[in-house]
Amino acid sequence: MYYFVNTFSDKEDAVIRIPAKSVCEFDYLTGETKPVKFTVDGEYVVIETTIEKMGSVAYFAKQDDTYKSDDEPKAVLTNINDKLYGDWD
């Protein structure tokens with residue numbers, strides 16, 4: 001298991017190299033695992049990701065091809081908090 005933390009005050013783009021053959025993301029709030037997009041470069045998996053400010057991400061890594069890369073494009077999520085302003089009834 002690998003755990004990465006962004007202690008900076010801005011979100012950070014990161015390229016993560018883990019000595020493994022496959023990885024999946026671990027959601028430590030729900031206990032579930034989910035596919036993550038990665039490539040294999042020799043003895044490493046490479047993950048390109050963005051870690052939100054003061055955020056973190058965890059990955060389970062395997063030395064076999066247990067996990068498959070998630071090559072499906074992700075929907076872009078928008079922050080609804082900026083839209084929730086004004087008076088509410």
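**Exercise 1. A residue in strand S6**

Leaving aside its neighbours within four places in sequence, which residues is Glu48 in contact with? Find them, then describe the setting of Glu48.

*Solution.* A word before we start: this is a predicted model.

- Step 1. Place the residue. Glu48 belongs to strand S6, which covers residues 44-51.
- Step 2. List its partners. Once neighbours within four places in sequence are set aside, Glu48 is in contact with Ala14 and Val15.
- Step 3. Place the partners. Strand S2 spans 12-18, the stretch of chain to look at for Ala14 and Val15.
- Step 4. Check the surface. Glu48 has 67% relative accessibility, and it counts as exposed because the cut-off is over 50%.
- Step 5. Look to Phe38. Glu48 and Phe38 are 10 residues apart along the chain, and their C-alpha atoms are separated by 7.3 Å.

**Exercise 2. The overall plan**

Work out how many helices and strands the protein has, and describe its surface and contacts.

*Solution.*

- Step 1. Count the elements. There are seven strands and zero helices.
- Step 2. Read along the sequence. The pattern comes out as β-β-β-β-β-β-β.
- Step 3. Turn to burial. The protein has 89 residues, of which 22% count as buried.
- Step 4. Take the surface. About 7100 Å² is exposed, and carbon and sulfur atoms supply 52% of that area.
- Step 5. Consider the contacts with a separation of 6 or more. Residues 24 or more positions apart account for 74% of them.

**Exercise 3. The three-stranded sheet**

Find the order of the strands in the sheet that holds S6, and name its edges.

*Solution.* A reminder first: strands of a sheet pair through backbone hydrogen bonds, either parallel or antiparallel.

- Step 1. Write the order. Three strands form an open sheet, S2-S6-S5, with antiparallel pairing.
- Step 2. Find the edges. Strand S2 (12-18) and strand S5 (39-41) each pair on one side only, which makes them the edge strands.
- Step 3. Add the twist. From one strand to the next, the average is 35 degrees.
- Step 4. Zoom in on S5 and S6. These strands run antiparallel and are joined by three bridges. Thr39 stands opposite Val46 of S6.
- Step 5. Look for a charge over a ring. Arg17 lies over the face of Tyr44, 4.6 Å from the ring centre.

**Exercise 4. The four-stranded sheet**

Now do the same for the sheet that holds S3, and follow Phe26 to its bridge partners.

*Solution.*

- Step 1. Write the order. This open sheet has four strands, S1-S7-S3-S4, and antiparallel pairing.
- Step 2. Find the edges. They are strand S1 (2-5) and strand S4 (32-34), each pairing on one side only.
- Step 3. Take S3 with S7. Strand S3, residues 22-27, pairs with S7 in the antiparallel sense over five bridges. Cys24 has Phe60 as its bridge partner in S7, and Phe26 has Ala58 there.
- Step 4. Take S3 with S4. Three bridges join these antiparallel strands, and the partner of Phe26 in S4 is Thr33.
- Step 5. Inspect the turn. S3 and S4 form a hairpin with four residues between them, and Gly31 in the turn has a positive phi of about 80 degrees.

**Exercise 5. Two rings**

Why is the pair formed by Phe26 and Phe60 described as tilted?

*Solution.* A pair of aromatic rings is described by the distance of the centres and the angle of the planes.

- Step 1. Count the pairs. The protein has three aromatic pairs.
- Step 2. Judge this one. The centres of the Phe26 and Phe60 rings are 4.9 Å apart, within the 6.5 Å limit, and the planes meet at 40 degrees; under 30 would be stacked and over 60 edge-to-face, so the pair is tilted.
- Step 3. See what the pair links. Phe26 in strand S3 and Phe60 in strand S7 are 34 residues apart, so the pair links distant parts of the chain.
- Step 4. Compare accessibility. Phe26 is buried at a relative accessible area of 17%, while Phe60 is partly exposed at 25%.

**Exercise 6. Asp70**

Is Asp70 buried or exposed? Say where it lies and what it is in contact with.

*Solution.*

- Step 1. Locate Asp70. It is in the segment after strand S7 (56-62).
- Step 2. Apply the cut-off. The relative accessible area of Asp70 is 13%, which is under 20%, so Asp70 is buried.
- Step 3. Name the contacts. Beyond neighbours within four places in sequence, Asp70 is in contact with Pro35, Val36 and Lys37.

Methods. Residues are numbered from 1 along each chain as its sequence is written. This is a predicted model: local features need pLDDT of at least 70, side-chain atom pairs count only at pLDDT 80 or more; totals for chains, interfaces and linings use all residues. Side-chain values use heavy atoms; hydrogens and water are left out. Helices (H or I, at least four residues) and strands (E, at least two) are DSSP runs, numbered from the N terminus. Buried means under 20% relative accessible area, exposed over 50%, partly exposed in between (1.4 Å probe, protein chains only). Contact means heavy atoms within 4.5 Å. Two strands pair if DSSP finds at least two bridges between them. Accessible areas come from the Shrake-Rupley method with a 1.4 Å probe; for residues, only the protein chains shown count as cover. Rings of Phe, Tyr and Trp (its six-membered ring) pair if their centres lie within 6.5 Å; planes under 30 degrees apart count as stacked, over 60 as edge-to-face and the rest as tilted. A charge sits over a ring if NZ of Lys or CZ of Arg is within 6 Å of the ring centre and within 35 degrees of the ring normal. Axes are lines fitted to C-alpha atoms, for helices over the stretch in contact, and angles run from 0 to 180 degrees between N-to-C directions.
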